[in-house]
Amino acid sequence: MADRNDYVAALGKVFSDDAPANPKKSVKKARVGFAADVDVKEFEVENYGDVEADNVSYGGKSTKRLKVYDAKQRQSWYVDQKTYALLSKRNITRTDSEGGIIPIQDKTTDDKTFNEKYDLDLEELFDSKVSDKDAILWTDSNNEVVTRKGCGKTAWRNAYRRLVVHVMDPKNAIRFSRALQIQLDYLMAHEALLLNDIIVVLDKISDDPRNHTSKKKKKMDLNIALTKALLNVNVGRILVANSGTISYFFHPDTRVSNNRTFNLLSGWQFSNIISPIAMFTPSENFIGSRALAVNSILRSFLGPGRFLTRLITGGREEFVVDDVKAIAQNLAAETTGFEAAMRAQFGNHAGRQKVNQFRIENRLPTDESAVRSFIGSPISTMVNNGVVHVLRALANHWEGLNQIPFGNFAHQRMEQLNVNVILRFHMPFVLMTLANLRGWCSWDSMVLGPFITKLMNLRPTDTMDPANELLNELNSNIVDNVCGGIFSRMEPFRRWITQMRVANELIMTEKEKVQTILSSVTAGIEAGYKLTKTVDWMVPDNVTMLKYVVQHIKLDPAKKRLRQYNGDRLVDEQTGILFTASLDRITEALRASSFNELMPAFDMLTKSNKMSKTTIDSMKENIIRTNGEAGTDMEINNNLSSEMISSLVSLLQQDLEQRQKLYLNDHVCKLALNALRPRDKRTLLEMVQKGYENTRPAQLLLRRTRTLLKREVRRAALDRQLTLLSKGEITNNLVEDEWYLVERMGDASGSLGIYQYRTSRSTTNDVLFIARTGAEERFDRTHYQFRKYVPIGEAIVRAQKAFMVIELDLLKRFAYASYMEFSDLREDLIKLQILSGVNCYFLDDARLDVLSHIKNHSSTQVSWRDLKPGHQYFVEQKPYKYELFEFEEGMDLDNRKRYFSIPPQNMIVVG
């Protein structure tokens with residue numbers, strides 16, 4: 001993060017027209033050789049003085065550093081000539097005082113490695129693997145509306161969709177999209193994709209104000225995106241909750257430019273349709289004094305708190321200013337939820353009186369609450385808390401955040417800085433409120449209105465120059481007149497503008513850091529986004545999912561016997577295979593079960609009329625007659641007839657086959673059940689196995705399980721897609737330290753896992769691999785085949801880690817959305833935000849692969865042919881165990897072992 005000097009430099013740049021002089025540097029071409037690469041690359045090298053070290057206050061001495069720039073990869077490194085050394089094209093490593101090597105960063109799956117080393121094109125990869133999904137434009141998800149009773153659920157959504165499409169224009173599009181993008185963090189991946197489809201269409205509308213693309217085409221796209229998004233309940237709620245950012249009748253600049261007309265409309269008392277639509281900011285100095293007087297008379301005449309009073313006075317009863325008991329109305333208690341709670345408990349009138357009494361008695365400070373409530377409702381915050389107080393609070397807040405050297409991670413998102421959003425959304429309302437307090441005039445319609453239009457039309461660019469131009473115009477041409485020459489308003493307003501200009505300078509520095517991070521993970525971002533667009537997010541309907549959860553609970557005791565019976569695996573729940581060839585072993589396993597274990601399965605057979613209830617009852621009576629009540633927990637043995645066994649096997653086989661078609665195998669159901677609280681899980685299992693699945697408590701727990709099962713089914717879909725994409729071609733030319741998928745020949749069930757190749761024996765077919773755990777594994781070439789592993793999962797994980805780095809390191813001053821206002825970063829940042837919500841078990845393993853690679857990275861490995869006599873080396877005796885020796889001429893070496901100049905250091909990677 002930036003330090004105090006960055007703030008001073010940015011502040012000096014705001015008040016100075018002269019740009020700071022660039023430090024002198026000498027540029028020349030140099031050839032830099034890497035220890036791990038025989039090729040010598042040509043780079044651009046710059047020698048320059050360390051400015052920070054030259055500063056006497058730091059007590060440092062002048063040093064020389066080397067800047068190495070790779071023009072092809074567009075990457076640069078700063079290398080201290082004394083203590084740094086470039087050792088490989090993957091790493092920059094630092095030598096400590098004892099000559100040891102300390103790895104700085106691993107780039108296993110960066111763009112260079114992913115695209116060049118694996119010779120892979122993402123477009124070709126997805127086209128070859130998922131050719132039937134590569135043309136998807138819109139994300140599909142389950143229709144969650146049809147499962148809810150009542151035609152009104154669909155009717156209001158259709159009405160809302162038509163209204164939004166009708167009123168959408170470039171100004172509304174940019175406001176609505178910025179409100180929606182904040183919600184991407186709170187949705188699951190498939191829901192974030194639905195919302196992103198809307199944001200993409202809104203960006204096309206806002207970026208094309210001159211309608212180069214036909215308006216009909218853009219509205220049609222928006223209609224499709226809204227239709228699909230409103231089928232999801234969570235996305236529908238977000239759309240409705242943020243619809244307040246849309247201007248359905250008039251934009252703020254239209255009101256200001258035609259202030260005389262709108263002022264007359266706002267005073268029209270007997271048209272309660274026009275008045276709320278056209279009114280200006282309500283305040284104690286409301287220019288429509290006739291409306292203020294009439295409303296006060298009607299409130300007193302009709303009585304406060306009545307429905308008729310709210311109807312006739314336009315619902316403005318909360319802005320009561322002629323009551324001496326409401327003197328504490330300036331306090332923003334609404335930010336704590338206190339006001340809403342009072343109104344919900346006692347009603348609007350009585351609840352408001354309680355809030356006023358609370359404000360009078362406590363007089364709470366409102367600095368922080370004013371800043372937060374200003375972001376959500378700028379007009380009411382300025383009216384309720386006072387314009388001067390709010391402007392001072394905002395100026396102090398921005399100045400404090402700009403001056404803090406490393407930011408403050410404890411700040412809420414509403415307190416983080418975003419200049420473009422402030423100018424585009426909040427500044428028009430600030431100017432309207434100030435002008436309304438001063439009194440409307442012709443200057444407002446001629447100057448202020450067009451300037452508000454400029455604010456609302458502020459578009460994303462790759463710099464902050466347009467924002468600076470607007471701030472300069474605001475400071476020089478607008479502030480004095482809109483404040484009416486009142487110094488107490490002008491002073492904090494100008495101070496706030498100055499801090500916004502300082503923030504513009506600071507964010508440009510932060511932008512370079514974000515751009516550097518994004519440029520190193522573009523492969524992961526594109527791969528992850530394409531993955532989310534090609535995965536089938538549809539899940540079975542709710543009734544089907546509940547049915548198979550119940551069947552899983554009832555049949556699991558019987559399957560448990562078949563999973564591992566005396567060392568034999570008689571059922572594979574992952575692939576849905578029941579090994580009926582071992583029917584004798586299946587019969588033995590079922591007869592080794594107890595009557596109580598098989599009773600839920602018998603219950604399913606009787607309900608499907610495949611077995612009579614009389615047969616089950618007679619078998620139970622026979623068991624009790626022979627062994628007593630405890631006999632139901634003993635092995636059933638010969639009491640289970642061949643006919644019963646045949647029915648059970650048929651039921652199990654049918655259940656497994658249907659589960660495979662719907663991707664609802666028992667493993668996924670277990671994951672969903674294990675996600676329940678242990679007590680809830682035990683209760684549900686017992687109730688279903690005893691036949692009480694239709695009771696109200698069981699239905700409640702089953703609905704919770706169904707929700708968790710949807711998540712697990714979608715994760716399983718991601719796993720399948722990633723497994724498919726990570727499979728490369730079969731090869732016999734194995735490269736040391738590379739990762740491969742090991743498969744049994746002729747076995748289509750999948751690979752044994754991912755292994756790192758070490759060496760092969762020349763006399764046998766044995767191939768030595770290292771597992772992720774560090775254990776050695778040997779495979780025979782005659783029985784196993786080796787497939788190249790495409791690290792697409794690792795690339796996605798690296799992109800997710802980049803999102804975490806941006807959040808933790810760079811969001812202490814500016815909001816994440818503030819970087820989205822840069823046109824060259826916006827698309828990648830939105831994709832990265834969606835990608836952050838993608839989770840599955842394949843990616844969990846990929847994280848372990850990345851850590852394993854970092855742990856095993858061998859930048860100091862030396863070939864046994866390159867050992868020099870008289871030098872000391874380390875030999876790897878077994879994984880992570882090294883022995884020091886001195887090489888002598890003629891020494892017999894084992895070429896299967898690895899030799900190092902310095903042993904690789906193990907690293908603990910957090911995150």
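The following questions and answers concern helix packing, aromatic pairs and burial in a predicted model.

Reader: On what basis are residues numbered, and which confidence limits apply?
Author: Residues are numbered from 1 along each chain as its sequence is written, and side-chain values use heavy atoms, with hydrogens and water left out. Because the model is predicted, local features need pLDDT of at least 70 and side-chain atom pairs count only at pLDDT 80 or more, whereas totals for chains, interfaces and linings use all residues.

Reader: How many helices and strands are there in the protein?
Author: Helices (H or I, at least four residues) and strands (E, at least two) are DSSP runs, numbered from the N terminus. In the protein there are 36 helices and 19 strands.

Reader: What percentage of the residues of the protein count as buried?
Author: Buried means under 20% relative accessible area, exposed means over 50%, and partly exposed lies in between (1.4 Å probe, protein chains only). Of the 911 residues, the portion that counts as buried is 47%.

Reader: Among contacts between residues at least 6 apart in sequence, what percentage join residues at least 24 apart?
Author: Contact means heavy atoms within 4.5 Å. Among contacts between residues at least 6 apart in sequence, the portion joining residues at least 24 apart is 67%.

Reader: Are α6 and α7 roughly parallel or roughly antiparallel?
Author: Axes are lines fitted to C-alpha atoms, for helices over the stretch in contact, and angles run from 0 to 180 degrees between N-to-C directions. Angles under 35 degrees count as roughly parallel, over 145 as roughly antiparallel, 65 to 115 as roughly perpendicular and the rest as oblique. Helix α6 (residues 170–181) and helix α7 (residues 189–206) have axes 8 Å apart and pack at an angle of about 150°. The two helices, α6 and α7, are therefore roughly antiparallel.

Reader: How do the residues of the contact of α6 with α7 divide by class?
Author: Helix α6 contributes P170, A173, I174, F176, S177, R178, L180 and Q181, and helix α7 contributes L195, I198, I199, L202, D203, I205 and S206. Ala, Val, Leu, Ile, Met, Phe, Trp, Tyr, Cys and Pro count as nonpolar, Asp, Glu, Lys and Arg as charged, and the others, Gly among them, as polar. The contact of α6 with α7 accordingly has ten nonpolar, three polar and two charged residues.

Reader: Are α31 and α32 roughly perpendicular or oblique to each other?
Author: The axes of helix α31 (residues 678–689) and helix α32 (residues 696–725) come within 10 Å and cross at roughly 120°. The contact is made by D680, T683, L684 and M687 of α31 with P697, A698, L701, L702, R704 and T705 of α32. By class, these residues are six nonpolar, two polar and two charged. From the crossing angle, α31 and α32 are therefore oblique.

Reader: Which residues of α29 make the contact with α27?
Author: Helix α27 (residues 595–607) packs against α29 at an angle of about 85°, with the axes 11 Å apart, which makes α27 roughly perpendicular to α29. This contact has seven nonpolar, one polar and no charged residues. Opposite L598, A601, F602, M604 and L605 of α27, the α29 residues are S647, L648 and L651.

Reader: Is the aromatic pair of F595 and F602 stacked or tilted?
Author: Rings of Phe, Tyr and Trp (its six-membered ring) pair if their centres lie within 6.5 Å; planes under 30 degrees apart count as stacked, over 60 as edge-to-face and the rest as tilted. By this rule the count comes to nine aromatic pairs. F595 is buried at 2% relative accessible area, and F602 is buried at 0%. Their rings lie 6.0 Å centre to centre with 45° between the planes, and the pair is tilted.

Reader: Which residues form one aromatic cluster with F374?
Author: F374 lies in helix α17 and counts as buried at 0% relative accessibility. Beyond residues up to four places away in sequence, F374 touches T381, M382, V390, L394, I422, H426, V430 and W496. The partners of F374 in the aromatic cluster are F493 and W496.

Reader: How many residues apart in sequence are S373 and E415?
Author: S373 lies in helix α17 (residues 367–376) and counts as buried at 6% relative accessibility. The C-alpha atoms of S373 and E415 are 9.8 Å apart in space, while the separation in sequence is 42 residues.

Reader: Is Y663 buried or partly exposed?
Author: Y663 is found in the loop between α29 (642–662) and α30 (666–674). Its phi is near 60°, a positive value in a residue other than glycine. At 43% relative accessibility, Y663 counts as partly exposed.
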